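Visitor: I am new to this structure and would like a close look at a single part. Please take one sheet and the places around it, and go through them in order.

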Amino acid sequence: MSIDLETAARVAKLARIRVDEDDLPALANEFNTILGFIEQLGEVDVEGVEPMTSVTPMRLKRREDKVTDGHQQKKVLSNAPDAREGFFAVPKVVE
Amino acid sequence: MTDLNTLTIAEARDKLRAGEVTSSELTEACLTAIEGAGALNAFVHNTPEIAREQAKFADARLQKGDDAPMCGIPLGIKDLFCTKGVPSQAASGILKGFKPEYESTVTQNLFDAGAVMLGKLNMDEFAMGSSNETSVYGNAVNPWRRGNDETALTPGGSSGGSASAVSADLCLAATGTDTGGSIRQPAAFTGITGIKPTYGRCSRWGIVAFASSLDQAGPMTKSVRDAAIMLEAMCGHDPKDSTSADLAVPDFEAMLTGDIKGKVIGIPKEYRMDGMPEEIEKLWADGTAMLKDAGAEIRDISLPHTKYALPAYYVIAPAEASSNLARYDGVRYGHRAKLEQGDGITEMYEKTRAEGFGHEVQRRVMVGTYVLSAGFYDAYYNKARKVRTLIKKDFEDVFADGIDAILTPATPSAAFGLGEMAEADPVQMYLNDVFTVTVNLAGLPGIAVPAGLDRQGLPLGLQLIGRPWEEGDLLNTAYALEQAAGYVAKPAKWW
């Protein structure tokens, strides 16, 4: 499997990371090196093997479905790059 | 009198209890050492006011007869831990200015036990790296040098600042985190001890996430005894981390008897890599002989899927990172890019992430995005998770056959020069974790113990891998190895 420039650009787009056109060839090249390394996994016979979901056998704890936290608006917003009137502010989303 | 900053936790604890020193004196000694060690770039956010306040409080506790083992002990904290009101950036530009409103469970546990925080420590950005060269703060530097050669060496990564600070006696011990070897590799590169406990022993709550199914916190210390003391204070069940184990924490230090008679130590043949330096081979053979002399039975074992651990890791870790790091969007915290007229929310995300993430982080996020994307999920991600099952089974099989612990080298080489890997492709750097990454994939406890010096005078470490939840037994085997190796070397001060 070889990553072309178009795929590299698509992956950057999916990851929401801006990559300059000029940097795409180097990026595709690095992807190919890493994916080439990963390709080794193809040698392993995994017939009938379950994919791991939890590294330690444990059942996730359950709790009652009720509110246990809240009323911390100030703290929640304290690190926001742009907070106004108790909300996170972002550029216009709808035209 | 020895400089107080050079004490181990155990030595300092005994002196504090005996009233021979105060935590304030220990803390001042460390703060002075930190001030004089700018060249190491280990501490990146100093918190002397907090340290002095905590030391004063610890002294009051001690005076009342409090004998908590970590009470009054000055520590460095890896920048990956959220510490309330103190910059916690994971060494990334995207978290510039971030000051958490909360405390991570591990640091809270340490503070509850009376520990003192001297400041935050350098690391690879989001813990992605093996040389501390991806940090937004610049490289941390290893206090060790190749004899009289002044070439700056890496302290390893990602917990490079922690390793450098402990090795140079800037603090008594430090916290680290380990996703593929990030505690054990830097510990080995700097001649200190570092343990990654069983997955679930330490709460991950408040630790900036890299790959959640692999991340674990652990102590980086000057001795195995210190690792036992500090680990006990760090771990324990936490309802805020759903993967945190609801198990009692044993008294690890009490388990250090040094008696390993009858223990069965496995030597895995797959860890004998082509082109492994002769000195690493010798160190490994010496370590094996030491454990045998101490009464352990040595057995050759096979972990057949070892070769596939790194490729599986470089699917699973980036995939999880890609999901975890999606939260850095310029909305809730950290950096937001300056926008042009007409830029919408997508431009804000894309520019913010391009500016805020360094090169290695961008690369891993995108590799992760790719292996999770439609059409490749089965071929890469599910395949890697199946291989992970097999890697874990390799270990389960040898433990079922009666193996108590596994001895391997900690790293494939001694510390290399900063910048020496700049021209290498990313996979070359990934190979640093070849001996450690299997342990994360299998969720096992692993410890790096300094065991000797190479021809250039640089420290080399051995790794012991234990059964799940049996850190106490593992620490005891490490203690026996430490005593037999008699490693006492310290870097000559040049900084």
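Guide: What follows starts with the sheet in chain B and moves on to its surroundings. The model is a predicted one.

Chain B holds an open sheet of 11 strands with mixed pairing. Their order is β1-β3-β2-β4-β6-β5-β10-β11-β9-β7-β8. Two strands of chain B, β1 (43-46) and β8 (297-301), form the edges, and each of them pairs on one side only. On average, neighbouring strands of this sheet are turned by 30° against each other, direction ignored.

At the β1 edge, the partner is strand β3 (residues 116-121) of chain B. β1(B) and β3(B) run antiparallel and are joined by three bridges. Within this pair, B:His45 stands opposite B:Lys120 in β3(B). A helix of chain B, α3 (residues 48-63), packs on the sheet and touches β1, β2 (74-78) and β3 of chain B. The direction of α3 makes about 155° with that of β3(B).

Ahead of β1 in chain B is a loop that begins after α2 (23-35), and B:Ala37 lies in this loop. B:Ala37 is buried, because 20 other C-beta atoms lie within 10 Å, and 20 or more is the count required. Not counting residues up to four places away in sequence, B:Ala37 touches B:Ala42, B:Ala168, B:Leu170 and B:Trp495. B:Lys493 is 456 residues from B:Ala37 in sequence, yet the two are 9.8 Å apart in space, C-alpha to C-alpha.

B:Leu170, one of the residues touched by B:Ala37, has a list of its own. Leaving out residues up to four places away in sequence, its contacts include B:Ala42, B:Phe43 and B:Gly76. Also among them are B:Asn5, B:Cys30, B:Ala33 and B:Ile34. B:Leu170 belongs to the largest nonpolar core, which has 170 residues. It is one of the members that touch the most others, together with B:Leu75, B:Cys171, B:Ala312, B:Val315, B:Leu464 and B:Leu475. Helix α9 (residues 309-324) of chain B gives the most to this core, with 10 residues.

Last comes the other chain. Between the two chains, 36 residues of chain A are in contact with 55 residues of chain B. On the chain A side, the elements that give two or more residues are α1 (5-14) and α2 (24-38) of chain A. Of the elements there, α2(A) gives the most, with six residues. By class, this side of chain A has 23 nonpolar, five polar and eight charged residues.

Methods: Residues are numbered from 1 along each chain as its sequence is written. Chains are lettered from A and ligands numbered from 1 in the order in which they are written. This is a predicted model: local features need pLDDT of at least 70, side-chain atom pairs count only at pLDDT 80 or more; totals for chains, interfaces and linings use all residues. Two strands pair if DSSP finds at least two bridges between them. Helices (H or I, at least four residues) and strands (E, at least two) are DSSP runs, numbered from the N terminus. Axes are lines fitted to C-alpha atoms, for helices over the stretch in contact, and angles run from 0 to 180 degrees between N-to-C directions. Two residues are in contact if their C-beta atoms, placed from the backbone, lie within 7 Å. A nonpolar core is a set of buried Ala, Val, Leu, Ile, Met, Phe, Trp, Tyr and Cys residues joined through C-beta atoms within 7 Å. A residue is buried if 20 or more other C-beta atoms lie within 10 Å of its own, exposed if 12 or fewer, and partly exposed in between; C-beta atoms are placed from the backbone. Ala, Val, Leu, Ile, Met, Phe, Trp, Tyr, Cys and Pro count as nonpolar, Asp, Glu, Lys and Arg as charged, and the others, Gly among them, as polar.
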